[in-house]
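Colleague: Got a minute to go through this one with me? I'd like to talk helices first and the ligand after that.

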Amino acid sequence: MIVVFSGPSGVGKSTIINLLKSEFEFYFSISHTTRPMREDEQNYTDYYFVSNEIFQEMVSKNEFIEYEKYGSYFYGTSKNEITKSSFTILDLEVNGATKLLSTNSDYRGIFIDIDDEILIERLNERGHNKGFIEERMKLASEQRKSIPKFHYVLKNIDLKTTLKEILDILYDLEKK
Ligand code: 5GP
């Protein structure tokens, strides 16, 4: 079973995924990316950090089940990654997630969202300016158009509640 997590930026998806990774024993696919490694990240654990050349070579060899350009960098899930466990979780931006769910009816998608007012509040708290926040809100509303492709939609109002809802879904899917 492949479970795809996605959602607009700022909804708290990374916090949820980091918690799931550190406290529970689910297998998370490790993506390839051309983005530079951040200080708190590790190669082969958070991502396979690769050059543009290597990424494009993998594309030409058809080694990805999906890949997208997000911001200035490429991100992709290699075919190899999804064969490693019988239950695998993918954390993807909305375009890649939507395409994958459209072409694989046996995959399950979880869209994590929040209400606009809370999203604005969170982006404000992160110190973003008005223009940036407006762009993000426009993008979020575009991304929500993909919701029908997902099997579960969760509003991340309270982290503990969201985590419980996600665990219920994952344990349930694991049984299938
Ligand atoms: P970040 O650079 O913050 O780690 O990730 C940026 C975005 O890329 C996140 O929304 C993350 O879910 C997404 N992402 C990570 N790996 C992949 C991948 O293999 N494919 C796609 N389509 N998106 C990915």
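What follows is a short back-and-forth on helix packing and ligand contacts.

Modeller: Sure, but keep in mind that this is a predicted model, where local features need pLDDT of at least 70, side-chain atom pairs count only at pLDDT 80 or more, and totals for chains, interfaces and linings use all residues. Residues are numbered from 1 along each chain as its sequence is written, and side-chain values use heavy atoms, with hydrogens and water left out.

Colleague: Is α1 parallel or oblique to α6?

Modeller: Helices here are DSSP runs (H or I, at least four residues), numbered from the N terminus. Axes are lines fitted to C-alpha atoms over the stretch in contact, and angles run from 0 to 180 degrees between N-to-C directions. Helix α1 (residues 13-23) and helix α6 (residues 159-175) pack at about 60 degrees, with axes 11 Å apart. Angles under 35 degrees count as roughly parallel, over 145 as roughly antiparallel, 65 to 115 as roughly perpendicular and the rest as oblique, so α1 is oblique to α6.

Colleague: How many residues of the contact of α1 with α6 are charged?

Modeller: Contact means heavy atoms within 4.5 Å. On the α1 side there are Thr15, Ile16, Leu19 and Leu20, and α6 brings Leu159, Thr162, Leu163, Ile166, Leu167 and Leu170. With Ala, Val, Leu, Ile, Met, Phe, Trp, Tyr, Cys and Pro as nonpolar, Asp, Glu, Lys and Arg as charged, and the others, Gly among them, as polar, the split is 8 nonpolar, 2 polar and no charged.

Colleague: Which residues does leucine 19 touch, leaving out those up to four places away in sequence?

Modeller: Leucine 19 sits in helix α1. From there, with that exclusion, leucine 19 touches Phe24, Leu159 and Leu163.

Colleague: And how many charged residues are in the contact of α4 with α5?

Modeller: The axes of α4 (residues 116-125) and α5 (residues 130-143) come within 10 Å and cross at roughly 145 degrees. Asp116, Leu119, Ile120, Leu123 and Asn124 of α4 meet Phe132, Ile133, Arg136, Met137 and Ala140 of α5. That contact divides into 7 nonpolar, 1 polar and, for charged, 2.

Colleague: How far is a polar side-chain atom of arginine 35 from an oxygen atom of the ligand?

Modeller: Arg35 is among the residues that come nearest to the ligand. Lysine 13 has a side-chain N or O atom 2.7 Å from a ligand oxygen. For arginine 35, the distance from a polar side-chain atom to a ligand oxygen is 2.6 Å.

Technical notes:
Helices (H or I, at least four residues) and strands (E, at least two) are DSSP runs, numbered from the N terminus. A residue is near a molecule or strand if one of its heavy atoms lies within 4 Å of it. A polar contact is a pair of N or O atoms within 3.5 Å; within protein, one must be able to donate a hydrogen and the other to accept it, and residues adjacent in sequence count only if both atoms are side-chain atoms.
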